[in-house]
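This briefing covers a pocket, a sheet and one buried side chain. The structure is shown first.

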Amino acid sequence: STLEGRNFVVTTTSEVSTTATAGTVLSQSPVANKSAPNGSTVELVVAKAPATVAVPNVVGKKLGEADATLGAAGFPATQTPQTVTNPSQNNVVLSQNPAASAQAKRNTTVTIVIGKYVAPTPTTTTTTTTPTTPTGTTSAQKKKK
């Protein structure tokens, strides 16, 4: 509005920015403090917020495939291991946050919980026996004989 009040024609284009607040002027042409005749066009590039997109569902996928799927959609992944006792869950995504189909800005980190198989520890049972004395005979009776 400042430029239009000084008889300039203003054109704007938008550019996605993850560092500038939406609506902030990122650049202009001609540059500030340069003389221009009345009626000239001033071009402004204005920041806009990144669009949100649906987070892909990677639950049940192997780790490599999940990383590739998230990366292709613009979401970096961090991994949290979780011990599992079923070998088929080894290196498989058990859960994710944000959840599948949630709307999020690109470059939002998705935390995936990865199954890490740990074989159950075998258990051993020990049996102890207690010596018994014959029925009807006590230690004192044995000494008398």
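The lining of the largest pocket consists of Thr2, Leu3, Arg6, Phe8, Gln28, Pro30, Val31, Ala32, Asn33, Lys34, Ala36 and Val42. The model is predicted: local features need pLDDT of at least 70 and side-chain atom pairs 80 or more, while totals for chains, interfaces and linings use all residues. Residues are numbered from 1 along each chain as its sequence is written, and side-chain values use heavy atoms, without hydrogens and water.

**Pocket**
- A pocket is an open set of points on a 1 Å grid over the protein atoms alone, where a 1.4 Å probe fits, with protein on both sides within 12 Å along at least five of seven lines; lining residues have an atom within 4 Å of a point.
- The volume of the largest pocket, the space filled by probe spheres set on the points, is about 220 Å³.
- Its lining comprises 7 nonpolar (Ala, Val, Leu, Ile, Met, Phe, Trp, Tyr, Cys, Pro), 3 polar and 2 charged (Asp, Glu, Lys, Arg) residues, with the others, Gly among them, counted as polar.

**Sheet**
- Three strands (DSSP E runs of at least two residues) form an open sheet in the order β1-β3-β2, with mixed pairing (at least two DSSP bridges).
- β1 (9-16) and β2 (25-29) each have a single partner strand, so one side of each lacks a neighbour in the sheet.
- β2 and β3 (residues 41-48) run antiparallel and are joined by 4 bridges.
- Glutamine 28 stands opposite leucine 44 in β3, and Gln28 also lines the largest pocket.

**Glutamine 96**
- Glutamine 96, in strand β6 (residues 93-97), is buried (under 20% relative accessible area, 1.4 Å probe, protein chains only) at 11% relative accessibility.
- A polar atom of its side chain lies 3.0 Å from the backbone oxygen of proline 56.
- The backbone oxygen of proline 98 lies 3.3 Å from a polar atom of the glutamine 96 side chain.

Note on methods. Buried means under 20% relative accessible area, exposed over 50%, partly exposed in between (1.4 Å probe, protein chains only). A polar contact is a pair of N or O atoms within 3.5 Å; within protein, one must be able to donate a hydrogen and the other to accept it, and residues adjacent in sequence count only if both atoms are side-chain atoms.
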